[in-house]
Amino acid sequence: MSTAMPTLTSLDDLVRLLGRRQGLYVRWSRGPEYDLVTGCSSDELTGVRLPGLSASPLDVEDWWGTRSVRVWVARRLYDYCHLPRVRDPGTRPWVLHGAEQARGPDNEPLVTNVEPLGWIAGEVITKARRIITEQPGAWGPLDRSRAS
């Protein structure tokens with residue numbers, strides 16, 4: 001498999017994609033070329049092989065109501081934007097379509113039947129950070145490396 005996928009270069013590109021399709025997830029990894037060889041993630045703590053790829057859902061939840069989809073997507077991206085720093089500099093976000101098979105140890109969806117749709121450009125992550133830091137509440141990425 002090749003990593004030659006289109007790249008989503010704006011937050012609006014991603015919002016439009018969400019408007020056209022459900023069952024979308026973002027995964028932070030080296031990419032489908034690596035992930036689809038095994039089709040599964042491993043629990044970092046125990047090493048247990050999981051029944052799918054860990055990913056974050058992008059679909060807007062009903063409880064979000066009529067709030068901004070851009071803010072929704074920005075938060076979903078911001079939550080894990082620390083991963084390239086704490087894992088591997090080759091870690092990048094990419095969008096996929098898939099089916100939730102189970103839940104992982106952090107209650108994250110484990111996705112199978114993965115269809116890679118596109119890379120998410122760095123400038124999209126930069127924009128997501130800006131949107132989230134401009135929100136009135138205090139929030140940070142889900143970065144365990146900072147936990148004491």
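These legends walk through several close-up views of a predicted model.

**View 1. Helix H3 sits mostly under cover.**
Helix H3 spans residues 69-78, and seven of its ten residues are buried. The buried ones are Val71, Trp72, Val73, Ala74, Arg76, Leu77 and Tyr78. If you look for what lies over them, you'll find helix H1 (11-20) and helix H5 (122-133) among the covering elements. Strands E2 (24-29), E4 (56-57) and E6 (109-120) also belong to that cover. At the start of H3, have a look at serine 68: one of its side-chain oxygens comes to within 3.2 Å of the backbone nitrogen of arginine 70.

**View 2. Helix H1 has a buried side and a face turned away from it.**
Which residues of H1 are buried? Leu11, Leu14, Leu17 and Leu18 are. They take up an arc of only 120° around the axis, so they end up on the same side of H1. As a rule of thumb, an α-helix has 3.6 residues a turn, so residues three or four places apart point the same way. On the face turned away from the buried side of H1, you'll meet Gly19 and Arg20, both exposed. The cover over the buried leucines includes strand E1 (7-8), E2, H3, strand E5 (92-103), E6 and H5.

**View 3. Strand E6 pairs with E1, with E3 and with E5.**
E6 is another mostly covered element, with nine of its twelve residues buried. E1 pairs with E6 in the parallel sense, over two bridges. Here leucine 8 stands opposite isoleucine 120 of E6. Strand E3 (residues 53-54) runs antiparallel to E6 and is joined to it by two bridges; leucine 53 has valine 111 as its bridge partner in E6. E5 also runs antiparallel to E6, with eight bridges joining the two. In that pairing, glutamate 100 stands opposite valine 111. So what links E5 to E6 along the chain, and how many residues lie between them? The two strands form a hairpin with five residues in between. One residue to pick out in the turn is asparagine 107, which has a positive phi of about 65°.

**View 4. A salt bridge joins aspartate 12 to arginine 70.**
The structure holds six salt bridges, and this view shows one of them. Side chains of opposite charge can pair when their charged atoms come close. Between aspartate 12 and arginine 70, the closest N and O atoms are 2.9 Å apart. The pair connects distant parts of the chain: aspartate 12 belongs to helix H1 and arginine 70 to helix H3, 58 residues apart. Buried or partly exposed, which is it for these two? Aspartate 12 is partly exposed, with a relative accessible area of 34%, and arginine 70 counts as partly exposed too, at 30%.

**View 5. Aspartate 13 and arginine 16 meet within H1.**
This salt bridge brings its closest N and O atoms to 2.7 Å. Both residues lie in helix H1, three residues apart, which is about one turn of the helix. Aspartate 13 counts as partly exposed at 22% relative accessibility, and arginine 16 is likewise partly exposed at 46%.

**View 6. Arginine 76 and aspartate 79 form a salt bridge.**
The side chains of arginine 76 and aspartate 79 meet at 3.6 Å, N to O. Are these partners buried or exposed? Arginine 76 counts as buried, with 18% relative accessibility. Aspartate 79 is buried as well, at 4%.

**View 7. Trp63, Trp64 and Trp72 form a cluster of rings.**
The model has three aromatic pairs. In one of them, tryptophan 63 and tryptophan 64 meet edge-to-face, 5.9 Å centre to centre with 75° between the planes. Tryptophan 63 also pairs with tryptophan 72: their ring centres are 5.6 Å apart and their planes lie at 65°, so this pair is edge-to-face too. Tryptophan 63 counts as exposed, at 59% relative accessibility. Tryptophan 64 is buried, with a relative accessible area of 14%, and tryptophan 72 is buried at 8%. Ring pairs are what link Trp63, Trp64 and Trp72 into the cluster.

Terms used. Residues are numbered from 1 along each chain as its sequence is written. This is a predicted model: local features need pLDDT of at least 70, side-chain atom pairs count only at pLDDT 80 or more; totals for chains, interfaces and linings use all residues. Side-chain values use heavy atoms; hydrogens and water are left out. Buried means under 20% relative accessible area, exposed over 50%, partly exposed in between (1.4 Å probe, protein chains only). Helices (H or I, at least four residues) and strands (E, at least two) are DSSP runs, numbered from the N terminus. Contact means heavy atoms within 4.5 Å. A polar contact is a pair of N or O atoms within 3.5 Å; within protein, one must be able to donate a hydrogen and the other to accept it, and residues adjacent in sequence count only if both atoms are side-chain atoms. The arc is that of the directions from the helix axis to the C-beta atoms. Two strands pair if DSSP finds at least two bridges between them. A salt bridge is a side-chain nitrogen of Lys or Arg within 4 Å of a carboxyl oxygen of Asp or Glu. Rings of Phe, Tyr and Trp (its six-membered ring) pair if their centres lie within 6.5 Å; planes under 30 degrees apart count as stacked, over 60 as edge-to-face and the rest as tilted.
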